[in-house]
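Colleague: I should like to learn how internal voids and packing are read from a model. Please begin with the voids.

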Amino acid sequence: MLSRIAESLFWIGRYVERADDTARLLDVHVQILLEDPWAEEDLACRSLLSVMDRPAPPDDLEVGREHVLDILAYDRFSPSSIAGALVAARENARRAREIVSTELWECLNTSWNQLPSQMRPARPHDYFTWVRERAAIVTGIMESTTSRDETWHFMVLGRSIERADMTARLLTTRALAGSAGPSWATLLRSCGAHEAFLRTYRGNASDERAAGFLLLDRLFPRSIVYALNEAEASLAALEPIADRATIDDARRHIGHVRTSLEYRPLMEIVDDLPKEMELVQRACSAASDAIRGRYFPSGAELTWVGEAL
């Protein structure tokens, strides 16, 4: 497979997952700001921008939810926003058109065409719901129309790394906000995990178990450990037969942080959750850099594709 095609497939997986997870994260936090009249909106919004690695305005300027939505939801020119990620996913699919199935291309192209252009959606929740539905359709098409070959593994690899990173960011917002932030039940619902969590623990819910479910559960697809395991499996499948006696840098970064989470007491992780989640994010970033250096060193990925449109 050509490196430019492999890179486009990798970033299709990442960008669609980024749009989905950012919608989930924003839906939770915007709803809290709307419902809680005592919430410190400026502090909450600055914390959210920091978690998402986006610059905040100077301290003398107040930051509100509209500013956060402009940056993280509606900006078509930044791949860190929902709209920008969908634009970039569609552009990468266009570049890999000879590999991507017709159904997947049409789904991404339709999503791009339906993005709000100038006017903001009247209800952000409806926009977030639409994004999650479009991402679910993309995932369903990938699952049902893609052979489990290199095409599949590069898309799943990108999706898994992005999912681990974004779930870590979601958990960081809970740790930093404390009692003023979303409850663990709210976070579980935002990940589609609440019912699976209740079935797993048969109604014996607790904050500790909720944190452990999103961090360590080996069967739930949106837990960090599950996503890291999936990324490792794709990397192993992509390894040339001659190299399978060694571990490449990407698998080493992912495997190290995964085992660090799996084989330590849960409360040791939860007690210093922001630091632990930062380590997960760093490992995902390092693994992504290693993948880029090994499989597509030409750097064909359209990170800032929005600026060219």
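Colleague: How many cavities of 30 Å³ or more does the count give?

Modeller: A cavity is a set of points, on a 1 Å grid over the protein atoms alone, where a 1.4 Å probe fits but cannot get out. Points are joined across faces, edges and corners, and a volume is the space filled by probe spheres set on them. In this structure the count is 1 cavity, and the largest has a volume of about 60 Å³. This is a predicted model, in which local features need pLDDT of at least 70 and side-chain atom pairs pLDDT 80 or more, while totals for chains, interfaces and linings use all residues. Residues are numbered from 1 along each chain as its sequence is written, and side-chain values use heavy atoms, without hydrogens and water.

Colleague: Which residues line the largest cavity?

Modeller: Lining residues have an atom within 4 Å of a point. Here they are Asp21, Arg24, Leu25, Met166, Thr167, Leu170, Cys191 and Arg222. Helix 1 (3–35) and helix 7 (150–177), both DSSP runs (H or I, at least four residues) numbered from the N terminus, each supply at least two of them.

Colleague: Which residues touch the most other members of the largest nonpolar core?

Modeller: Such a core joins buried (under 20% relative accessible area, 1.4 Å probe, protein chains only) Ala, Val, Leu, Ile, Met, Phe, Trp, Tyr and Cys residues through side-chain atoms within 4.5 Å. Among its 93 residues, they are Ile82 and Tyr127. Helix 1 gives the largest share, 14 residues.

Definitions and conventions:
On a 1 Å grid over the protein atoms alone, a cavity is a set of points where a 1.4 Å probe fits but cannot get out, and a pocket is an open set with protein on both sides within 12 Å along at least five of seven lines; lining residues have an atom within 4 Å of a point. Helices (H or I, at least four residues) and strands (E, at least two) are DSSP runs, numbered from the N terminus. Buried means under 20% relative accessible area, exposed over 50%, partly exposed in between (1.4 Å probe, protein chains only).
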